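Hi,

Here is the structure I said I would pass on. Have a look at it first, and then read on for what turned up.

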Amino acid sequence: QVQLVESGGGLVQAGGSLRLSCAASGSTFSINIMGWYRQAPGKQRELVARITRGGSINYANSAKGRFTIARDNAKNTVYLQMNSLKSEDTAVYYCNAHTGVSYWGQGTQVTVSS
């Protein structure tokens with residue numbers, strides 16, 4: 001079992017920045033991929049960015065050039081630095097850890113005002 005606790009969401013003006021953090025606990029040795037997904041009202045949950053234990057990274061097209069994912073394996077923590085935020089980035093952001101089984105955090109709200 002893996003438990004995930006997110007922090008760092010909030011309200012920000014368009015063009016601003018936020019940094020999300022997600023700390024994993026439990027069977028962290030089995031985590032391969034950690035990532036961030038988001039779900040806007042009325043839309044499906046979508047990938048934002050993910051990173052493997054070895055450091056390979058994938059970004060959604062919407063995140064490229066604005067968001068940066070990073071991982072501290074020693075702290076079992078993944079970060080998402082979000083810059084140049086847009087109103088369309090407004091969503092609940094979920095941390096995900098994949099061991100062969102997917103685990104999800106409770107979500108943190110990001111609201112970007114235009």
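Start with Asp89, which pairs with Arg66 in a salt bridge whose closest N and O atoms are 2.7 Å apart. The two come from distant parts of the chain: Asp89 is in the loop between S8 and S9, while Arg66 sits in the loop between strand S6 (57–59) and S7, and 23 residues separate them. Bear in mind that this is a predicted model, and that goes for everything below.

Are these two partners buried or exposed? Asp89 has a relative accessible area of 1%, so it is buried. Arg66 is at 11%, under the 20% limit, and therefore buried too.

Asp89 has another partner as well. Its side chain also meets that of Arg38 in a salt bridge, with 2.9 Å from N to O. Here Arg38 belongs to strand S4 and Asp89 to the loop between S8 and S9, so this pair ties together parts of the chain that lie 51 residues apart in sequence. Both Asp89 and Arg38 are buried, and for Arg38 the relative accessible area is 7%.

Arg38 in turn meets Glu46, again through the side chains, in a salt bridge of 2.8 Å from N to O. Which class does Glu46 fall into, by relative accessibility? Its value is 36%, and because that lies between the 20% and 50% limits, Glu46 counts as partly exposed.

How many salt bridges does the structure hold? There are three. Through the partners they share, Arg38, Glu46, Arg66 and Asp89 are joined into one network. As a general point, side chains of opposite charge can pair when their charged atoms come close.

Next, the disulfide. The structure has one, and it joins Cys22 to Cys95, with 2.0 Å from S to S. This pair also links distant parts of the chain: Cys22 is in strand S3 (residues 18–26) and Cys95 in strand S9 (residues 91–98), 73 residues apart. Why is the disulfide left-handed? The torsion about the S-S bond of Cys22 and Cys95 is about -85°, and that is what makes it so. Cys22 has a relative accessible area of 0% and is buried; Cys95, also at 0%, counts as buried.

Ser21 is in strand S3 too. With a relative accessible area of 17%, Ser21 is under the 20% limit and so counts as buried. Leaving aside neighbours within four places in sequence, Ser21 is in contact with Val5, Glu6, Ser7, Trp36, Val78 and Tyr79.

That brings us to the nonpolar core. The largest one has 28 residues, and those with the most contacts inside it are Leu4, Met34, Trp36, Leu80, Met82 and Tyr93. Many strands feed into this core: S1 (2–7), S3, S4 (33–39), S5 (46–52), S7 (67–72), S8 (77–82), S9 and S11 (108–113) each supply at least two of its residues. In soluble globular proteins, nonpolar side chains tend to be buried together.

If you want one residue to click on there, try Leu80. Not counting residues up to four places away in sequence, Leu80 touches Leu18, Arg19, Leu20, Trp36, Val48, Ala49, Phe67, Thr68, Ile69 and Tyr93. Trp36 and Tyr93 are also among the core residues with the most contacts inside it.

Cheers

Conventions: Residues are numbered from 1 along each chain as its sequence is written. This is a predicted model: local features need pLDDT of at least 70, side-chain atom pairs count only at pLDDT 80 or more; totals for chains, interfaces and linings use all residues. Side-chain values use heavy atoms; hydrogens and water are left out. A disulfide is a pair of cysteine sulfur atoms within 2.5 Å. Helices (H or I, at least four residues) and strands (E, at least two) are DSSP runs, numbered from the N terminus. Buried means under 20% relative accessible area, exposed over 50%, partly exposed in between (1.4 Å probe, protein chains only). A nonpolar core is a set of buried Ala, Val, Leu, Ile, Met, Phe, Trp, Tyr and Cys residues joined through side-chain atoms within 4.5 Å. Contact means heavy atoms within 4.5 Å. A salt bridge is a side-chain nitrogen of Lys or Arg within 4 Å of a carboxyl oxygen of Asp or Glu.
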